[in-house]
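Visitor: Please bring up the model, and then let us go through it by question and answer.

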Amino acid sequence: MFLCAEAAEEENVNTRIRLELVRGDVTGQETEAIVNAANPSLLGGGGVDGAIHRAAGPGLLAECRELPQVSPGVRCPTGEARLTGGHGLKAEWVIHTVGPIYRGGERGEPELLAAAYRHSLALAEEKGISSLSFPSISTGAYRFPIGEAARIALSEVLAFLPAARRVELVRFVLFSSTDLAVYREALAELR
Ligand code: AR6
């Protein structure tokens, strides 16, 4: 019933919990939450972030501005996650996470990307959110190589799901068929 994009692949971790890979636009997903690939200011940007803010309307930016700054201009440090309402989106919630900017891979980027996924999933669990949709964090403007990013993303979700109490569906929404193919291949390798 959740399959709304043209290509989907499912992994049933057990009978209740599902992992889906689909091609599409994350902004229109009807999961309870969608995840935003944000920057530390949480005040919007390009890519998914810009699309989510456009679709959600100005209330989202207003709510982001109200979130506390942990240091000047930083509302969400890299690898962490914050929650807001969905405003004009179909999703009730937006989980904003900040992936690392890729600078060669020796500056903690893999660990920070894993942390971004882990913190997003933990936040969903803590808030009792049962379904969420991720874009491919850090693989656009932040230039993280998508093959490695896909392995990290899927490993984190597969490690998280068996012990999840509230989260029942995790969907990756990939913008292009090429990105979807990379995620499918990574999932096949991890199985
Ligand atoms: N739905 C799903 N995926 C999308 C969409 C969409 N509507 N739009 C783009 N993508 P990016 P990052 C894909 O750059 O690398 C922003 O300016 C895109 O093709 O959105 O984490 C923020 O404010 C790519 O594969 O996020 C930050 O400054 C993936 O989403 C910075 O970009 C991520 O691309 C974050 O960079």
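Visitor: Which residue follows H3, and what is the sign of its phi?
Guide: This is a predicted model, in which local features need pLDDT of at least 70 and side-chain atom pairs count only at pLDDT 80 or more, while totals for chains, interfaces and linings use all residues. Residues are numbered from 1 along each chain as its sequence is written. Helices here are DSSP runs of H or I with at least four residues, and strands are runs of E with at least two, numbered from the N terminus. The residue that follows H3 is Gly128, and its phi, near 75°, is positive.

Visitor: How far apart are the end C-alpha atoms of helix H3?
Guide: The expected span of a helix is 1.5 Å times one less than its number of residues. Helix H3 has 19 residues (109-127) and should therefore span 27 Å, which agrees with the distance between its end C-alpha atoms, 27 Å.

Visitor: Is Leu132 buried or exposed?
Guide: A residue is buried if 20 or more other C-beta atoms, placed from the backbone, lie within 10 Å of its own, exposed if 12 or fewer do, and partly exposed in between. Leu132 lies in strand E6. Because Leu132 has 25 C-beta neighbours inside 10 Å, it counts as buried.

Visitor: Which helix gives the most residues to the shell around the ligand?
Guide: Among the 24 residues around the ligand, those that come nearest are Ala37, Asn39, Gly45, Gly47 and Gly140, where near means a C-beta atom, placed from the backbone, within 6 Å. With four residues, the helix that gives the most to this shell is H1 (residues 47-56).
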